[in-house]
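Me: I have a structure I haven't looked at before. Can we go through it piece by piece?
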Amino acid sequence: MDWNKLLFPENEQPLDRLVDGYSRTSIFRTIGFIGDSLSSGEFETRDAEGRPGYHDLYEYSWGQYIARKNGLKAYNFSRGGMTAREYLQSFAESRDFWNPDKACQAYVIALGVNDLYNQRWEVGSLADVDPKDWRKNGDTFIGNYAAIVSRYKEISPDAKFFFVTFPKDDLWGNPAAPQGLCDSVYALADHFDNAYVIDLYRYAPAYDQKFREQFNLYGHSNASGYILVAQMIDSYIDYIVRHNPKDFNNVPFINTDIRY
């Protein structure tokens with residue numbers, strides 16, 4: 001067996017193959033999934049008058065699919081409608097998500113839909129990030145997003161962070177938002193140590209009409225859709241770990257008293 005060809009196919013891109021069985025995501029025994037409805041296994045319903053209902057069914061979230069497949073513990077630090085601002089200013093505190101007892105070895109952050117599409121809040125830039133005190137960050141999407149990362153770094157200093165971009169979707173009302181989010185999370189990944197980008201905008205399939213017919217229920221994923229997202233996120237983390245092995249040598253020691 002040529003392990004080099006098996007693990008590193010020539011010219012491999014992040015989602016060229018979806019992993020089967022245990023992936024290298026399983027090197028993390030605890031992962032926190034920070035996000036909105038798309039991270040919460042939210043399903044839409046319609047009543048007799050056609051009015052929508054929204055239901056967070058966390059067991060259907062892609063984070064929990066990843067956890068069950070890889071035998072790890074996942075926290076859904078998420079809720080439908082969540083924004084970076086609300087998460088930082090009230091939601092996480094009200095749900096005890098800053099509790100050190102819930103410290104994770106890795107965090108996957110998938111925020112921005114409600115901030116940039118629905119609320120149309122200012123994206124901001126790294127100028128809104130105070131490297132010494134997250135409390136002084138600007139009240140922009142980037143400022144609040146970076147403050148979330150900084151606060152979790154206080155709880156779990158050696159944790160790995162994965163920042164998720166939007167996939168292409170022809171229904172979004174703000175066409176500049178996907179590229180704005182991509183640019184922002186790449187800048188944040190450069191700013192923070194132990195941070196990586198899961199770029200669904202570049203590498204995931206486009207969420208077009210044909211895709212939605214297969215994987216959506218109204219405006220959110222159906223159950224199969226959440227499984228597909230789980231496969232993509234899981235495979236992307238596997239790709240990152242395989243291509244940056246030295247970065248992940250210390251993962252078993254994160255949040256222990258063992259010094260690497």
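Me: Does Arg212 count as buried or exposed, and at what relative accessibility?
Reply: Arg212 counts as buried, at 15% relative accessibility. Buried means under 20% relative accessible area, exposed over 50%, and partly exposed in between, with a 1.4 Å probe and protein chains only.

Me: What am I looking at, and how are things counted?
Reply: This is a predicted model, where local features need pLDDT of at least 70, side-chain atom pairs count only at pLDDT 80 or more, and totals for chains, interfaces and linings use all residues. Residues are numbered from 1 along each chain as its sequence is written, and side-chain values use heavy atoms, with hydrogens and water left out.

Me: Back to Arg212. Which residue does its side chain meet in a salt bridge?
Reply: Asp169, at 3.4 Å from N to O. A salt bridge here is a side-chain nitrogen of Lys or Arg within 4 Å of a carboxyl oxygen of Asp or Glu.

Me: Where do the two sit?
Reply: Arg212 is in helix α8 (residues 209-215) and Asp169 is in the loop between β6 and α6, so the pair ties together parts that are 43 residues apart in sequence. Helices (H or I, at least four residues) and strands (E, at least two) are DSSP runs, numbered from the N terminus.

Me: How many salt bridges does the count come to?
Reply: The count comes to 17. One of them joins Asp238 and Arg242, with the closest N and O atoms 2.7 Å apart. Both Asp238 and Arg242 are buried. Salt bridges that share partners join this pair with Glu12, Arg17 and Arg24 into one network.

Me: And Arg68, what does it pair with?
Reply: Arg68 forms a salt bridge with Glu59, the closest N and O atoms being 3.1 Å apart. Arg68 is partly exposed at 43% relative accessible area, while Glu59 is exposed at 51%.

Me: New topic. Which residues touch the most other members in the largest nonpolar core?
Reply: Tyr87, Tyr152 and Phe163, out of 41 residues. A nonpolar core is a set of buried Ala, Val, Leu, Ile, Met, Phe, Trp, Tyr and Cys residues joined through side-chain atoms within 4.5 Å.

Me: Which element gives the largest share of this core?
Reply: α5, with 9 residues. Of the 15 residues in α5, 13 are buried.

Me: What does Tyr152 touch?
Reply: Not counting residues up to four places away in sequence, Tyr152 touches Ile34, Phe77, Tyr87, Phe97, Trp98, Tyr107 and Phe161. Contact means heavy atoms within 4.5 Å.
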